[in-house]
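Q: Please take a close look at the place where the ligand sits. Walk me through what surrounds it.

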Amino acid sequence: MKALMQDWPLLVHTVLDHAETYHGDVEVVSRTVEGPIHRYTYADMAGRARQLADAAQKKLGIKEGDVVGTMAWNGYRHMETWYAVMGIGGVVHTLNPRLFTEQLTYIINHADDGWFFLDLTFVPILEAVQDQLDTVKGFVIMTDRAHMPETTLKNVVCYEELLSEGDAGFVWPKLDETIPCGMCYTSGTTGNPKGVVYSQRSNVLHAMATCAADALGVSSRETIMPVVPMFHANAWSMAFSVPMSGGKLVLPGAQMDGASIFELLTEEKVTLTAAVPTIWLMLLQYLEANPAKKLPDLSRVVIGGAACPESMMDAFEQNYDAQVIHAWGMTEMSPLGSLCTRKPGLSDEEWKVARVKQGRPAYTIEMKITDDDGNVLANDGKAFGHLMVRGPGVSSAYHKGEGGNILDDEGFFDTGDVSTLDENGYMQITDRSKDVIKSGGEWISSIDLENLAIGHPEVTEAAVIGVAHPKWDERPLLIIVAKEGCSPSQESILAFMEGKIAKWWMPEDVAFVEEIPHTATGKISKLRLREQFKGYELASAKAVG
Ligand code: ADP
């Protein structure tokens, strides 16, 4: 017998087609780089994406398989560029503007970026590196004629002029769903950055999985603001999942400070939003300083990319009546892997423990934890080991084979994270394998210590790294940024942590700093902290030595 269903390839443009047909009058709101708030609808977006696709083919010669670089904020022109390029079989390669120059040129050359689309903000960055770019054919500046800057960039095109030469009646070509359509490099902590390549099919499947009620629960009744940038891990799928579900889309552009985010959340009546903890820290600080301001429409905040401290969940839930959905994922996973929502049957006590975990896998993700020899460990919430994942939105290899074979014998990818899995399927990250503190042959979770320390009322940010110790190999050093106007003592911080963790997990020392360094994706840079505290002598180590 043969299955008799139609062959309907999972292509990204079908998402926008659907938004246009069934949610055509729904608004897309963008804070523009030029200043004003821009508003139009999904129908407008779809028409302009087809115009751009037509013009990109005719005027720039972009064809199936070509890689197109973008360096842009979350805004309507960036969305149009994604759909236009992917729709004609091109590969959109998003670049993070916070990368160092050497990484940026390496990545652009390694990916063979041809045409490059950029926001006005980033003209100076590209001007500075253009002579080192081997494959770039020219630059499309994402603005209109009136705002075109003076620039030394060679072969410059004005986005609006280009688009105006295309036909909105353009018909998307028929493509194979397995072709590449998106690319994003991971911040290679060992060796060079590595290219993750998404397919049309993986993006569509991943978006469908993330729309589910126990995942992001995106629907046409929501107003959604992805603060997570489109250049960070596929914008957690929201460039696809939101049009797919027909929700109103709010794109925050370049301004991500507390006041600007608050303004969009309230004026656009956002119900669902998503970003890394650093963004929410800025918003909560802004709200604390302005106690009369509330968030009446906000119902859910997705927090991921780094562990969400319990104190942050409490702040949103108790002070603003917004539910936090803690999420975990990575660029190599499209990126969403797990989301923390309440499983029926959990008692309030059980949920109190579970809700701070990174959550349960969404459909399409399989998970296991293993020891160093690849043996599967118990799902008892206690054993922790290498977190391994498998699914249609998970990388099978890196671009150009970098890093060799990245899968185990069963096809699972090693996330580089260390975690537990419990009886109810909740996964909890205890560390990145390279950040875990190895003390006397046992592992101490730096994330657990950080989450605990940040609950101290006078602490804004906390980081824990392992410092060499003559007897125990490594001991934890707690690094603290105090809240403005506060100067907590080492004793008060340690007393706050005492009794909440095993005695031998207690930080050996507390160092106070003005600022903790962050990576290009807003994570605490343990690498730079380790450099900063290289040779740090713990008081107890001196006693042993
Ligand atoms: P980059 O490493 O370039 O910043 P990713 O977003 O791909 O980009 O990083 C993925 C990593 O971020 C994960 O492997 C994990 O270590 C960390 N991470 C993501 N979400 C969480 C979370 N909710 N809790 C703890 N760690 C997280």
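A: Here is a walk around the ligand, followed by a look at one helix. Keep in mind that the model is predicted.

Start with the shell. It holds 16 residues around the ligand. Among the closest are Ser187, Asp417 and Thr521. Ala327 and Thr331 also belong to that closest group. By type, the shell splits into eight polar, five nonpolar and three charged residues. Which element gives the most to this shell? Strand E14, residues 323-329, does, with four residues.

Now look at the backbone. A polar backbone atom of Thr331 lies 2.7 Å from an oxygen atom of the ligand. Ala307 places a polar backbone atom 3.2 Å from a nitrogen atom of the ligand. For Ala306, a backbone N or O atom is 3.5 Å from a nitrogen atom of the ligand. How much of the ligand does the protein bury? On its own, the ligand exposes 570 Å², and the protein buries 95% of that.

Next, turn to helix H10, residues 277-289. Its length can be checked. The helix has 13 residues, so at 1.5 Å a residue the expected span is 18 Å. Its end C-alpha atoms are 18 Å apart, which agrees.

One set of H10 residues is buried: Pro277, Ile279, Trp280, Leu283, Leu284, Tyr286 and Leu287. What do these buried residues pack against? Two partners are helices, H9 (258-267) and H11 (310-320). Strands E12 (272-275) and E13 (300-303) are packed against as well.

Definitions and conventions: Residues numbered from 1 in each chain as written. Predicted model: local features only at pLDDT ≥ 70, side-chain atom pairs only at ≥ 80, totals over all residues. Heavy atoms only, no water. Near = heavy atom within 4 Å. Polar contact = N/O pair within 3.5 Å; in protein donor to acceptor, adjacent residues only side chain to side chain. Areas by Shrake-Rupley, 256 points an atom, 1.4 Å probe, with all protein chains shown as cover. Helix = DSSP H or I, 4+ residues; strand = E, 2+ residues; numbered from the N terminus. Nonpolar A, V, L, I, M, F, W, Y, C, P; charged D, E, K, R; others polar. Expected span 1.5 Å × (residues − 1). Buried < 20%, exposed > 50% of the residue type's maximum accessible area, 1.4 Å probe, protein only. Contact = heavy atoms within 4.5 Å.
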